[in-house]
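Colleague: I am new to reading protein structures, and I would like to learn how to go from a picture to careful statements. Could we work through one together, feature by feature?

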Amino acid sequence: MIPRIQKRGQRTLGLLYYLYGPGKFEEHTDPHLVASWNHYAPDPGRDASATLKQLQQLLDQPVENVDQAEQPKKHVWHLSVRNAAEDRILTDEEWGDVARRMVAAAGIDDSEMGGGCRWAAVRHADDHIHIVATLVREDGYKPELNNDAARVQTQARALEAELGLRRLNKGDGTAAKRPTSAERHKAKRQGRERTAREELRETVRRAVAGATSEGEFFDRLAAAGLLIRTREAPSGDLLGYKVALPDDRNKDDEPVFYPGARLAPDLSLPRIRERWSAENPDQTPSADTPVRATPDSPSAARRRTASAVWTAITIVEHGDDAVAAAYIASAGEVLDALAKTSAAHTRHDLRDAASAFERASRSHVRAERGSDRGLRQAARDLMHGGPALGRDEDGATTAMAIDMLFFLITATALWHAKRGHAQQADAARQAAEHLRSAYQTAAAQPLGALHRRGRKLNQPLLQRQMVMLREALPELAEQILAEPGWHALAATLGDVKAAGHDPAALLTDAAERRELSTAESVSDVLVWRLRRTAGLPADTSDQVNHRPGTGPSPRPAGQRTPGRSGSQRTRP
């Protein structure tokens with residue numbers, strides 16, 4: 001249940017005309033009253049003899065009864081209360097009770113105390129009502145409406161439990177503004193999957209990812225095809241910006257611009273500047289600020305991303321709150337950059353993960369920028385590395401990076417949950433689910449190649465590796481040997497030794513760095529940790545294809561990928 005207090009107005013009759021009318025897109029059906037301040041208010045929707053003018057005059061009567069100097073300039077209070085799409089349809093009686101409890105919670109009217117404001121609740125759809133109130137009480141005083149928004153939200157949480165509706169998490173005021181109903185209808189009418197606000201938010205977030213100056217940021221926005229307007233002080237200093245989609249127009253055929261702060265709290269220009277000013281403390285970034293070029297391959301960028309994310313996990317789990325908040329915010333940049341540069345077969349899941357995590361990237365814990373430069377550089381590397389292929393080393397290192405990111409996002413969910421950030425914790429868990437799906441897609445080919453190589457190892461070598469495994473990880477050895485991914489790990493242990501490393505030492509170190517007891521596939525986790533630590537190629541398809549008798553065998557359609565990501569070990 002989502003209660004939303006709209007902007008206060010001056011014309012009671014104008015609002016009633018809208019509520020009882022067909023709506024902007026003919027979406028209003030059977031408008032009628034479900035409750036009112038005295039239970040006897042005229043209902044123009046169900047009573048042919050009642051008029052909107054009569055209802056307006058009764059609502060405005062207490063306002064008209066006080067001296068004009070005492071009348072509020074904007075005396076019309078408007079609250080909409082909407083249920084989730086999956087909720088059951090409430091009866092008129094239930095909606096009436098919802099309305100009475102909402103006005104009591106807000107301070108508009110309390111039936112037990114009497115003498116409140118006049119109000120009426122109109123229903124013109126199955127899933128929501130509108131409450132109209134006038135802000136002068138029957139006794140001539142004005143109502144006490146401090147924190148009315150917070151109070152109706154608290155009441156909504158109680159009503160959800162009592163009425164068996166979807167339980168929403170309590171917000172903290174740091175969420176991005178939701179699209180309005182007008183924006184949603186406009187997108188539907190134009191055949192868009194998302195509203196202009198949502199498309200712009202994603203595009204701006206991707207433009208910010210890893211950027212180190214205003215010039216680079218605005219260049220990325222222009223390259224993405226957005227229209228840009230900036231706001232400058234008399235001195236010429238840049239104060240802010242707003243963006244628009246070229247084909248999103250108003251009734252006068254003018255572009256509809258959105259300021260960055262209206263897209264998300266952390267997309268205002270001052271908040272964006274905090275990201276790079278902490279990395280360049282001795283200078284104020286501008287269009288002329290030199291930017292270190294990062295010519296790189298997609299696979300190298302993803303390998304470095306995996307290393308940066310691995311380091312970040314410890315900070316989020318054990319670091320200072322302000323520093324951890326900075327790493328969490330930068331994790332959002334990494335997800336945005338990875339989604340932007342990913343191959344087609346993982347792009348949808350990664351985009352959904354980045355979109356879900358957007359809510360988890362902010363809280364009331366103010367981020368201490370600067371310490372997170374490693375993650376921001378990883379995002380920059382991804383953007384400069386360019387689009388990745390879905391195969392070979394690009395695809396395999398994508399799986400490696402996603403695997404590490406899952407651990408970081410899971411740690412973020414736990415971090416938020418411990419601090420009571422319910423919405424952020426839920427958003428991080430949703431992002432983790434999308435990452436799990438992306439991982440399974442990205443890892444199928446490289447792990448399949450390793451698995452086939454492992455099955456071709458001669459028996460004496462395989463036996464020696466089993467002995468080494470039991471000595472290095474006695475508590476987990478039997479679990480690993482029973483996993484489908486054991487042969488991929490066996491092949492990796494052989495590669496580690498061939499590269500001049502001590503397999504037993506690296507295996508022990510990889511297992512001790514993070515707990516593994518709850519992993520669904522410990523072998524998968526160890527494969528990626530070992531290959532990253534030892535600097536081994538993530539993809540070994542060529543080794544499979546060039547070894548006699550080890551050509552790849554096709555996987556039966558629908559077969560489960562061997563050993564799902566070890567990063568699935570924690571269920572937030």
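**Reading a structure step by step**

Modeller: Let us start with one residue and its surroundings: leaving aside its neighbours within four places in sequence, arginine 206 is in contact with Arg220, Asp336, Ala339, Lys340, Arg351 and Met383. Please keep in mind throughout that this is a predicted model.

Colleague: Is arginine 206 buried or exposed, and in which helix does it lie?

Modeller: Burial is read from the relative accessible area, and a residue is called buried when that value is under 20%. Arginine 206 has a relative accessible area of 15%, and it is therefore counted as buried; its place in the chain is helix 6.

Colleague: With which residue does the side chain of arginine 206 meet in a salt bridge?

Modeller: A salt bridge is read from a distance, since a side-chain nitrogen of Lys or Arg has to be within 4 Å of a carboxyl oxygen of Asp or Glu. Here the partner of arginine 206 is glutamate 202, with an N to O distance of 3.9 Å. Both residues belong to helix 6, which covers residues 196-208, and they are four residues apart, about one turn of the helix. Glutamate 202 is buried, as arginine 206 is.

Colleague: What about a salt bridge between distant parts of the chain?

Modeller: Look at aspartate 381 and arginine 304, whose closest N and O atoms are 3.2 Å apart in a salt bridge. Aspartate 381 sits in helix 13 (residues 373-385) and arginine 304 in helix 10 (residues 298-318), so that the pair, 77 residues apart, links distant parts of the chain. The two partners should be read separately for burial: aspartate 381 is buried, with a relative accessible area of 4%, whereas arginine 304, at 38%, is partly exposed.

Colleague: How far apart are the closest N and O atoms in the salt bridge of arginine 369 and aspartate 372?

Modeller: In that salt bridge the closest N and O atoms are 2.7 Å apart. Arginine 369 counts as buried because its relative accessibility is 19%, and aspartate 372 counts as buried because its value is 0%.

Colleague: How many salt bridges are there by this rule, and which residues are linked in a network?

Modeller: The count comes to 37 salt bridges. A network of salt bridges links Arg205, Asp266, Arg275, Glu333, Asp336, Glu358, Arg362 and Arg376. Asp336 deserves a second look, as we met it among the contacts of arginine 206.

Colleague: Which residues gather in the patch of positive charge on the surface?

Modeller: The patch is made up of Arg4, Lys7, Lys74, Lys177, Arg178, Arg184 and Arg262. To take one of them, arginine 262 has its place in helix 8, residues 260-263. Arginine 262 is called exposed because its relative accessible area is 53%, and the word exposed is kept for values over 50%.

Colleague: I have also heard about backbone angles. Which phi does aspartate 30 have, and where does aspartate 30 lie?

Modeller: Aspartate 30 has a positive phi of about 50°, although it is not a glycine. It lies in the loop between helix 1 (12-20) and strand 2 (32-36), and at 42% relative accessibility it counts as partly exposed. Another case is asparagine 147, which is likewise not a glycine and has a positive phi of about 60°. Asparagine 147 is found in the loop between strand 5 (128-134) and helix 4 (148-163), and with a relative accessible area of 59% it is exposed.

Colleague: Is alanine 50, in the loop between strand 2 and helix 2, buried or exposed?

Modeller: Alanine 50 is buried, with a relative accessible area of 9%. Not counting residues up to four places away in sequence, alanine 50 touches Pro42, Asp43 and Pro44.

Colleague: How should I describe the protein as a whole, and how many helices and strands does it have?

Modeller: The protein has 21 helices and eight strands, and 53% of its 572 residues count as buried. Of the contacts with a separation of 6 or more, 73% are between residues 24 or more positions apart. The protein exposes about 26200 Å², of which carbon and sulfur atoms supply 49%.

Technical notes: Residues are numbered from 1 along each chain as its sequence is written. This is a predicted model: local features need pLDDT of at least 70, side-chain atom pairs count only at pLDDT 80 or more; totals for chains, interfaces and linings use all residues. Side-chain values use heavy atoms; hydrogens and water are left out. Helices (H or I, at least four residues) and strands (E, at least two) are DSSP runs, numbered from the N terminus. Buried means under 20% relative accessible area, exposed over 50%, partly exposed in between (1.4 Å probe, protein chains only). Contact means heavy atoms within 4.5 Å. Accessible areas come from the Shrake-Rupley method with a 1.4 Å probe; for residues, only the protein chains shown count as cover. Patches are made of residues with over 30% relative accessible area and no salt bridge: like charges are joined within 9 Å, nonpolar side chains (Val, Leu, Ile, Met, Phe, Trp, Tyr) within 5 Å. Lys and Arg count as positive and Asp and Glu as negative; His and the chain ends are not counted. The place of a charge is taken as NZ of Lys, CZ of Arg, CG of Asp or CD of Glu.
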